Amino acid sequence: MVDTTFRADRETLSAAFSLVFRQGRAPPSCPSPCESELLNFIRDRVPAASPAACRDALIRVRKLSKDVYTVCDQFREGLFGSGDTAQVAAMKALMEKNPGFSEEEYRVAFSVGMMWTAF
């Protein structure tokens, strides 16, 4: 038997992640469009997801967007050191603060966060 609950939650989290980090929503918590519109977008992408799972996914992605902004600022200030190890340390900090995303999602979030903090 396949555990569809976990799959739906993972899919829901990825759908919410995509709205913020792949479709150019404003940092650090995608204030626009309104929450109900974002929840509808997530639900459209993952029809099997419950409203609670959609809300949880949005909350988690908003937290990630705030944390990535902070981590990238700290990275730019040199708080994680220098060289290749600095980026690894920054990514590790991001993963520890926000568990449950894929490695690719952390990489995308970090890259987008670096762009957000450049302005």
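A disulfide is a pair of cysteine sulfur atoms within 2.5 Å. This structure holds zero of them. Keep in mind that the model is predicted. Two of its cysteines are still worth finding. Cys54 has a relative accessibility of 1%, and a residue under 20% counts as buried, so Cys54 is buried. Cys72 is buried as well, because its relative accessible area is 0%.

How far can the model be trusted? The protein averages a pLDDT of 85, and 84% of the residues score at least 70. Helix α4 has the highest confidence, at a mean of 94, while helix α1 (residues 4-22) has the lowest, at 77. Over residues 1-7 the pLDDT falls below 50. Beyond near neighbours in sequence, that stretch makes zero contacts in the model. Where pLDDT is low, the predicted coordinates should not be read in detail.

Now turn to helix α3. This helix covers residues 51-76, which makes 26 residues. What span should it have at 1.5 Å a residue? The expected value is 38 Å. The C-alpha atoms at its ends lie 37 Å apart, so the model agrees with the expectation. Many residues of α3 can be picked out as buried, including Ala53, Ala57, Leu58 and Val61. Leu64, Asp67, Val68 and Val71 are also among the buried residues of α3. Just after the helix comes Gly78, with a positive phi of about 85°.

Next, follow the chain to helix α4, which spans residues 84-97 and holds Leu94. Is Leu94 buried or exposed? Leu94 is buried, because its relative accessible area is 0%. What surrounds it? Setting aside neighbours within four places in sequence, Leu94 is in contact with Leu64, Asp67, Val68 and Val71, and also with Tyr106 and Ala109. Take Tyr106 from that list. Leu94 and Tyr106 are twelve residues apart in sequence, and their C-alpha atoms are 7.6 Å apart in space.

Last stop: the loop between α4 and α5 (103-116), where Asn98 is found. Asn98 has a relative accessibility of 3%, so this loop residue counts as buried. Which side chain does the side chain of Asn98 meet in a polar contact? The partner is the side chain of Asp67, at 3.0 Å. Leaving out residues up to four places away in sequence, Asn98 also touches Arg60, Lys63, Leu64 and Tyr106. Look back at Leu94 to tie things together. Leu64, Asp67 and Tyr106 appear among the contacts of Leu94, and Asn98 touches these three residues too.

Technical notes. Residues are numbered from 1 along each chain as its sequence is written. This is a predicted model: local features need pLDDT of at least 70, side-chain atom pairs count only at pLDDT 80 or more; totals for chains, interfaces and linings use all residues. Side-chain values use heavy atoms; hydrogens and water are left out. Helices (H or I, at least four residues) and strands (E, at least two) are DSSP runs, numbered from the N terminus. The expected span of a helix is 1.5 Å times one less than its number of residues. Buried means under 20% relative accessible area, exposed over 50%, partly exposed in between (1.4 Å probe, protein chains only). Contact means heavy atoms within 4.5 Å. pLDDT is the predictor's confidence in each residue, from 0 to 100. A polar contact is a pair of N or O atoms within 3.5 Å; within protein, one must be able to donate a hydrogen and the other to accept it, and residues adjacent in sequence count only if both atoms are side-chain atoms.
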